[in-house]
Amino acid sequence: MMQTFWSTMAKRATPYVPGEQLNDQNVLKLNTNENPYPPSPSVIQAIRDAANVDLRRYPSPDLEQLREIIGKTYDLTKDQVFIGNGSDEVLAFSFMAFFEPGKTIRFPEITYSFYPVYAQLFDIPYETIPMKADFTLDIERFYHSEGGVIFPNPNAPTSIAIGIDDIRKILEHNPTRIVIVDEAYVDFSTQSAVSLINKYPNLLIVQTTSKSRSLAGLRVGYALGNEGLIQALIRIKNSINSYTLDRLAIAGAIASFQDWKSTKENINKIIQTRTWVSEKMRDYGFFVLPSETNFIFVTHPDFSAKQLYKLLKQRHVLVRYFNQPPINQYLRISIGTDKEMEQFFNCLSEVM
Ligand code: PMP
């Protein structure tokens with residue numbers, strides 16, 4: 001039996017299942033929180049230029065130029081920036097660098113489902129903290145964690161954010177542990193915790209170009225934090241792979257950080273669409289959580305989420321459903337363009 005030859009780590013691995021992909025151009029894909037708008041033309045041009053020039057050469061191993069420009073964006077130095085192949089990779093390296101076997105970490109009971117996958121892979125014990133009745137984080141239960149803390153803000157899939165004062169409290173009550181705040185959706189929200197970095201050396205913020213910057217296909221994520229934390233991440237990365245980003249990704253990401261205006265315009269459009277979509281969902285009788293992300297999290301008293309998912313899929317609309325405790329009968333719906341969301345409601349009216 002081949003299984004005999006698996007290492008204990010390989011046996012422990014319980015892979016994350018990525019969102020459903022349908023190879024059908026006609027599908028309205030509202031299931032993985034991608035941005036409905038394309039990246040700015042300057043990003044595409046930069047990728048084309050990079051493809052024409054330098055592909056026979058290895059890319060930069062230390063990503064200095066991109067780290068510099070990301071740092072500038074947040075009033076930080078390049079030594080406070082780590083970049084990886086998507087924020088999933090940055091999160092995986094962070095689990096390796098900051099959490100350890102034998103010391104229990106904490107994350108919310110309803111959260112990004114990659115966290116338990118990493119914890120299991122790296123043999124890190126974890127405790128999940130139940131949400132309050134309104135799905136917000138129970139802040140005090142994150143105090144004095146033995147092994148550290150990780151949570152998304154805004155949280156996924158609930159779409160709810162906590163304020164910077166609550167993050168400060170969690171940091172102050174875990175002075176010798178690392179607190180990772182996964183800000184994948186923060187650009188659709190009001191407050192980032194970036195301003196706390198220079199005060200709290202135990203804070204690591206993880207962000208991505210996949211959502212607000214429309215670059216999920218390019219795979220560029222990053223961490224912002226104290227120089228010591230960044231050095232630990234670089235050490236781990238350089239012990240695994242010298243070149244985590246290819247030349248096209250580096251060029252595209254640099255161009256994206258040079259053009260905040262077009263990203264900001266797309267964010268504003270998505271927030272506007274989110275507002276009317278949330279209202280209309282309430283008109284349909286859905287309970288809609290107050291979203292600070294590019295998706296909404298909804299439930300209906302009379303309709304099963306799985307049934308709605310199935311009926312919508314038959315009409316070529318893909319959403320995500322959740323019906324395993326502690327989340328029963330919820331749908332997560334990414335916000336598309338106005339036109340796409342009108343199409344979504346046309347299909348919804350046929351099935352409800
Ligand atoms: N964190 C959260 C909370 C997410 O929802 C996602 C996207 N699925 C990620 C991180 C990973 O994003 P990426 O690897 O595309 O940067």
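Student: In this predicted model, which residues is Val-220 in contact with, leaving aside its neighbours within four places in sequence?
Tutor: Val-220 lies in the loop between S7 and S8. Once the neighbours within four places in sequence are left aside, the contacts of Val-220 are Ile-83, Gly-86, Thr-209, Leu-215, Leu-245, Ala-249 and Ala-253.

Student: Does Val-220 count as buried or exposed?
Tutor: A residue is buried if 20 or more other C-beta atoms lie within 10 Å of its own. Val-220 has 30 C-beta neighbours inside 10 Å, and therefore Val-220 counts as buried.

Student: What distance separates the C-alpha atoms of Val-220 and Gly-84?
Tutor: Along the chain, Val-220 and Gly-84 are 136 residues apart. In space, their C-alpha atoms are separated by 6.0 Å.

Student: How many of the residues of helix H8 are buried?
Tutor: Helix H8 spans residues 247-257 and is mostly covered. Its buried residues include Ala-249 and Ala-253, both of which are in contact with Val-220. The cover over the buried residues of H8 includes helix H2 (41-53), helix H3 (64-73) and H9. The number of buried residues in H8 is 8 of 11.

Student: Which residue does UniProt list for "modified residue: N6-(pyridoxal phosphate)lysine"?
Tutor: This annotation comes from an unreviewed UniProt entry. The residue in question is placed in the loop between strand S7 (203-208) and strand S8 (221-225). The residue listed is Lys-211.

Student: Why does Lys-211 count as buried?
Tutor: The cut-off for a buried residue is 20 or more other C-beta atoms within 10 Å. Leaving aside neighbours within four places in sequence, Lys-211 is in contact with Asn-33, Asn-35, Ala-184, Tyr-185 and Asn-294. Lys-211 counts as buried because its C-beta neighbours inside 10 Å number 25.

Student: How are helix H4 and helix H7 oriented to each other, roughly parallel or roughly perpendicular?
Tutor: The axes of helix H4 (residues 86-98) and helix H7 (residues 227-238) come within 9 Å and cross at roughly 110°. Angles of 65 to 115 degrees count as roughly perpendicular. Therefore H4 is, with respect to H7, roughly perpendicular.

Student: Which residues in H7 are met by Phe-93, Ser-94, Met-96 and Ala-97 in H4?
Tutor: The axes of these two helices come within 9 Å. The residues of H7 that meet the four named residues of H4 are Ala-232, Leu-233, Ile-236 and Lys-237.

Student: Which residue in S4 stands opposite Arg-106?
Tutor: Strand S3 (residues 105-108) pairs with strand S4 (residues 126-129) in the parallel sense, over 4 bridges. Together with helix H5 (residues 114-121), these strands make a right-handed β-α-β unit. Opposite Arg-106 in S4 stands Glu-127.

Student: Which are the edge strands of the open sheet with the order S9-S10-S13-S12?
Tutor: This sheet has 4 strands with antiparallel pairing. An edge strand here pairs on one side only. The edge strands are strand S9 (287-288) and strand S12 (320-324).

Student: At about what angle to S12 does helix H10 run?
Tutor: Helix H9 (residues 260-283) lies across S9 and S10, at about 10° to S10. Helix H10 (residues 305-314) lies across S10, S12 and strand S13 (327-334). Its angle to S12 is about 155°.

Methods:
Residues numbered from 1 in each chain as written. Predicted model: local features only at pLDDT ≥ 70, side-chain atom pairs only at ≥ 80, totals over all residues. Pairing = 2+ DSSP bridges. Right-handed = clockwise from strand over helix to strand, strands pointing away. Contact = placed C-beta atoms within 7 Å. Axes fitted to C-alpha atoms, helices over the stretch in contact; angles between N-to-C directions. UniProt positions renumbered as here; feature names shortened; annotations may be inferred. Buried ≥ 20, exposed ≤ 12 C-beta atoms within 10 Å, placed from the backbone. Parallel < 35°, antiparallel > 145°, perpendicular 65-115°, else oblique.
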